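Biologist: I am new to this structure and would like a close look at a single part of it. Please choose one element and describe it carefully, explaining your terms as you go.

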Amino acid sequence: MSDADLRAHAEEIQEQFSDHLDVDVEDVQHRLEQLVDEYKVPVDEARRSVTNHYLDEAGLERDEMRTGNDELALEDVDEPEEWIDITAKVVELWEPRADAIGQVGLLGDDTGTIKFTAWAKSDLPELEEGTVYRLGNVVTDEYEGQFSVKLNRTTTVTELDEELEVGDDSVEIEGAMVDVQSGSGLIKRCPEKDCTRVLENGRCSEHGGVDGEFDLRIKAVIDDGREVHDVIFDREATEELTGMTMDEAIEMAQDALDTTVVADEMRSKVLGWYYRVRGPTFRRYVLADEAKRLDGPVDTEETLIKARSI
Amino acid sequence: MSGTPMREVARRMFATEFNDMTYVFKESDEEMAPNYGLMPTGGRANRVFFVGTLTEKEDIGDDAEYWRGRVVDPTGTFFVYAGQYQPEAAAVLRDLEPPEYVAVAGKPGTYETDDGTVNVSVRPESISVVDANTRDRWVAEAAERTVERLRAFNDDTNEYAEMARERYDAGVGAYRREVISALESLDDEPTEPEAAP
């Protein structure tokens, strides 16, 4: 690490504190040099450590500082607890479920969508559906593999007078259906409001013994010999995939006094066939919007040329 | 993400290569560590998927039923064994009337005969009836995956190719020829049934 590089880092740190603290750039550089040259600390870590020192000195929390954030596209949000800037359109606003939440909803840019939460106590301007904003200093969060951003009281909200085409984050996959997993077929869901948990032996893990409502789904594995994808077909997609309607499934289960016959029948219809599936991803699942069975003839010309040229 | 282990990919290979996959290894000393077959073209297989013609089936069990099926691809025969621990696959084999196009997902396994030959077979997770076009699609796919492995076989960083060179003497030339003849065989046959005269 050259002195000039450390100098640049020192100047950036001084700049960050310029509103709060009279920081001497020589002093910053000296602290960086000590950590980097003497104690062999990587420069990112040294910078973090020196910044923390001045935060302490100024009596500030890290989230009160406007540090030079990266401006990220929504599809690139893949780490929790990062401070970033984004430009996004409010796609949807949802009903907050807790008093602590000021606003909650979905933001989108041309790469995809992400959930956002604004805390009530942060006292931010209200975001409006359909409007594009530049949001400075939001923090990323992760829950079970799904990322979101949190707006906080240091977040800057700038309304932009521009249109933004929100991209869908759908994926298209292709391969053989190598497994239909348990939990597929004719299932029952908890009828309690806002609870859609699948019942096991007539019981909901949250609400106990309830009179469930029928639903159809398939949890499948599609595999192309290189990658494995877990795919969920909802009722509509399952009916289309199997050619079996929910009424037929219920009748079949009633005749057999057993719901597992439905899953068995579905298995025999779909296992081993090739499909092209398109839909958004949720956690590790692809949620099938469209599925096409690939049962036409195949073109082998290209592979043959490759094989001959080895 | 940590937590649940990743499901193993179902590898695609022709019967000839599958039956040559006699070396089995583990990647770690842990008790539950999965077994892998070492693919002669360089790769590891804990699961396979193939489509072919079920030509024969036989219950070879003494007391309990134990089904053996022969599933044929353009290069050779996969031997599929299903007993009480594969009840669904066993039930499918019991009911099927060969010949029939079947798709099989399963685990490779090896056993040594009295004369020291190592035989490779499949413990099926599922067997299902498909059609001629699906079989052709699988042949094309297995060819494509095999070509990918053959192209990477001489890469410096290909550890499984390195292992394959150590464990198997035969080289990979035969697998390349199998790919070509398998693909050529698809062109010979009509994929749609001809209309009756």
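Modeller: A residue is called buried if 20 or more other C-beta atoms, placed from the backbone, lie within 10 Å of its own, exposed if there are 12 or fewer, and partly exposed in between. This is a predicted model, in which local features need pLDDT of at least 70 and side-chain atom pairs count only at pLDDT 80 or more, while totals for chains, interfaces and linings use all residues. Residues are numbered from 1 along each chain as its sequence is written, and chains are lettered from A, with ligands numbered from 1, in the order in which they are written.

The part I have chosen is helix α2 of chain A, residues 25-38 (helices are DSSP runs of H or I with at least four residues, numbered from the N terminus). In α2(A), the buried residues are Val28(A), Gln29(A), Leu32(A), Leu35(A) and Val36(A). Seen down the axis of α2(A), these fall within an arc of 135 degrees, so they line one face of the helix (the arc is that of the directions from the helix axis to the C-beta atoms). That buried set packs against α1 (3-17) and α3 (43-58) of chain A, where contact means C-beta atoms, placed from the backbone, within 7 Å. On the other side of α2(A), Glu26(A) and Glu38(A) are exposed.

As for length, the 14 residues of α2(A) should span 20 Å at 1.5 Å a residue, and because the end C-alpha atoms are 19 Å apart, the two values agree (the expected span is 1.5 Å times one less than the number of residues). After α2(A) comes Lys40(A), whose phi is positive, near 55 degrees.

Technical notes: Helices (H or I, at least four residues) and strands (E, at least two) are DSSP runs, numbered from the N terminus. Two residues are in contact if their C-beta atoms, placed from the backbone, lie within 7 Å.
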